[in-house]
Amino acid sequence: MKSLKDILFGVSITAVSGSTSVMVNSICFDSRIVSADDVFIAIKGTITDGHKYIDKAISLGAKTIVCELMPEVLEEGVTYVAVDNGNKALAIMASNFYDNPSKNLKLVGVTGTNGKTTISSLLYQLFKKAGFKVGLISTIKIMVDDTMYKTSHTTPDALTINHHLKLMNDVGVEFCFMEVSSHGIHQKRTEGLVFEGAIFTNLSHDHLDYHKTFAEYRDTKKSLFDKLSKKAFVLTNIDDKNGLVMLQNTKARKYTYALKTYADYKAQILENQFNGQLLKIDGNEVWSKLIGDFNAYNMLAIYGTAQLLGLEKLEILRLLSELENVDGRFQYFISKERITAIVDYAHTPDALKNVLDTINSLRTGNENVITVVGCGGDRDKTKRPVMGHIASDMSTTVIFTSDNPRTENPEEILKEIEAGVEAQNVRKTLTIENRAQAIKTACQLANSNDIILIAGKGHETYQEINGVRTHFDDYETVQSLLKDLNK
């Protein structure tokens with residue numbers, strides 16, 4: 001147990017009722033899991049307001065309530081603490097409760113629209129191969145050195161982050177690489193964390209359902225860099241027009257990477273094939289198993305970060321050549337009939353265009369490109385026609401299908417995607433709502449040497465319809481179908 005006074009250190013408090021000397025068992029922001037002597041933090045969420053559940057938390061044994069608005073009736077024997085921002089208070093209190101674990105390792109955040117998972121996951125791989133104890137907090141999973149934990153958000157809540165950082169401290173982890181989403185930054189989940197450095201990948205159309213404007217989305221990302229200390233480093237992609245924006249106002253040491261312009265870390269693509277690409281990084285040739293311009297940027301970000309964290313240049317180049325692709329990121333196999341199936345998480349217009357650009361650059365021109373793609377429900381609607389346009393314009397055939405419709409009508413989502421298809425491309429499109437049937441149709445349409453791209457869900461092993469998740473794995477599905485067709 002810890003003293004409430006210690007846990008509140010650094011929190012912006014507006015009022016207190018009761019004693020802050022009480023001892024605290026744990027911190028909760030979900031009233032359903034409150035137990036005796038817990039602190040309950042009432043969070044104003046996007047769906048519900050935690051202030052509605054204060055009485056329930058007290059009935060379950062909470063002895064301290066942290067809230068933005070004091071209840072009209074205060075229970076005797078309960079300490080109430082009013083704060084400016086519940087999310088920010090939660091993050092700072094979580095960090096204090098777990099003894100500020102980010103101070104005891106080198107934490108590097110990765111933010112941007114695309115590339116976060118690949119860069120953070122491959123940095124974890126590289127530093128493991130270099131012999132270090134390493135942590136990872138990503139969309140796909142959380143790794144505490146060799147132990148894996150499941151995660152459901154790109155950037156988990158502050159309690160989950162600090163709990164796992166503490167576990168990393170306990171086993172002697174030296175470096176941790178963490179995806180930092182715009183939602184995570186906006187909801188203050190990273191407050192109180194001490195970053196050794198931060199990487200900016202790129203910025204394109206995404207999450208405008210949440211941020212409303214592109215400027216707000218950009219500025220939310222930028223705030224991560226604004227808060228870095230002068231001891232930290234920033235590594236930014238200056239081929240992206242927003243790359244230099246991220247450097248404005250930061251106190252951190254500034255470094256850049258690029259393929260097209262002068263930068264601190266520079267690369268050139270010498271050769272690109274389906275089994276990898278030959279890169280020239282800072283004058284040295286290195287073979288990478290990851291293909292495409294977007295992965296060349298990822299490799300360069302990893303190279304620069306590893307140098308800034310103290311690894312030796314030639315060792316980094318050797319380790320880069322050993323890195324394996326991340327699940328659901330240009331993950332491919334070739335069937336016995338010589339049909340190439342690619343599964344990729346591309347769920348934004350820019351990511352979809354990058355993947356199709358890469359595929360088309362590797363074609364001889366005789367192969368068909370059959371794309372299966374959809375858009376998630378309850379998310380940014382404005383990108384749907386844009387993705388419909390890109391998929392239909394850059395593929396031989398495109399099959400529009402369901403992604404995770406969530407609570408939306410799948411047929412309405414598909415109509416919004418179809419709206420982006422230009423007249424000359426209509427004949428190239430099919431719409432099959434059932435995702436399994438859409439993938440099966442793509443396999444049936446494919447001939448030897450053709451390429452099937454299944455985009456949007458990548459590593460996900462579920463499909464969410466009306467709040468219910470059922471097992472669905474794109475890679476598993478297409479692999480099974482192509483084997484059956486071969487038989």
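Helices (H or I, at least four residues) and strands (E, at least two) are taken here as DSSP runs, numbered from the N terminus. The expected span of a helix is 1.5 Å times one less than its number of residues. By that yardstick H11, with 14 residues, reaches 20 Å from its first C-alpha to its last, close to the 20 Å expected. The model is a predicted one, in which local features need pLDDT of at least 70 and side-chain atom pairs count only at pLDDT 80 or more, while totals for chains, interfaces and linings use all residues. Residues are numbered from 1 along each chain as its sequence is written, and side-chain values use heavy atoms, with hydrogens and water left out.

Staying with H11, its buried residues (buried being under 20% relative accessible area, exposed over 50%, and partly exposed in between, with a 1.4 Å probe and protein chains only) are Pro349, Ala351, Leu352, Val355, Leu356, Thr358, Ile359 and Leu362. An α-helix has 3.6 residues a turn, so residues three or four places apart point the same way. The cover over the buried residues of H11 includes strands E16 (265-273), E20 (340-344), E21 and E24 (451-455), along with helices H9 and H12 (383-394).

Just past H11 comes arginine 363, in the loop that leads from H11 (349-362) to strand E21 (369-373). With a relative accessible area of 24%, arginine 363 is partly exposed. Setting aside neighbours within four places in sequence, arginine 363 is in contact (heavy atoms within 4.5 Å) with Val369, Thr396 and Ile451. Isoleucine 269 lies 94 residues from arginine 363 along the chain, and their C-alpha atoms are separated by 17 Å.

H9, one of the elements covering H11, spans residues 293-308. Its 16 residues reach 23 Å from first C-alpha to last, close to the 22 Å expected. H9 is mostly covered, with 14 of its 16 residues buried. Glycine 310, which follows H9, has a positive phi, near 105°.

Next, the helix pairs. Two packed helices are described by the angle between their axes and the distance between the axes. Axes are lines fitted to C-alpha atoms, for helices over the stretch in contact, and angles run from 0 to 180 degrees between N-to-C directions. The axes of H4 (residues 116-129) and H9 come within 10 Å and cross at roughly 50°. That makes H4 oblique to H9, given that angles under 35 degrees count as roughly parallel, over 145 as roughly antiparallel, 65 to 115 as roughly perpendicular and the rest as oblique. The crossing of H4 past H9 is right-handed, meaning that the near helix is turned clockwise from the far one by less than a right angle. On the H4 side, Thr118, Ile119, Leu122, Leu123, Leu126 and Phe127 take part, and they meet Asn295, Asn298, Met299, Ala301, Ile302, Thr305 and Ala306 of H9. The residues of this contact divide into 9 nonpolar, 4 polar and no charged, where Ala, Val, Leu, Ile, Met, Phe, Trp, Tyr, Cys and Pro count as nonpolar, Asp, Glu, Lys and Arg as charged, and the others, Gly among them, as polar.

H3 (residues 86-97) and H5 (residues 158-170) pack at an angle of about 20°, with axes 8 Å apart. These two helices are therefore roughly parallel to each other, and H3 passes H5 in a right-handed crossing. Leu90, Ala91, Ala94 and Ser95 of H3 meet Ala158, Leu159 and Asn162 of H5. By class, that contact has 5 nonpolar, 2 polar and no charged residues.

Several loop residues round out the picture. Lysine 133 sits between H4 and strand E9 (134-137) and counts as partly exposed at 37% relative accessibility. Beyond its neighbours within four places in sequence, lysine 133 is in contact with Asp145, Val171, Gly172, Val173, Glu174 and Phe175. Phenylalanine 175 is 42 residues from lysine 133 in sequence, yet 7.0 Å away in space, C-alpha to C-alpha.

Serine 402, in the loop between strand E22 (397-400) and helix H13 (410-418), is buried, at 7% relative accessible area. Not counting residues up to four places away in sequence, serine 402 touches Pro410, Leu414, Ile432, Glu433, Arg435 and Gln463.

Most residues other than glycine have a negative phi, and most peptide bonds are trans. Lysine 188, however, has a positive phi near 65°; its loop runs between helix H6 (182-186) and strand E13 (197-200). Asparagine 449 also has a positive phi, of about 80°, and lies in the loop between helix H14 (435-445) and E24. Both count as partly exposed, lysine 188 at 24% and asparagine 449 at 46%.
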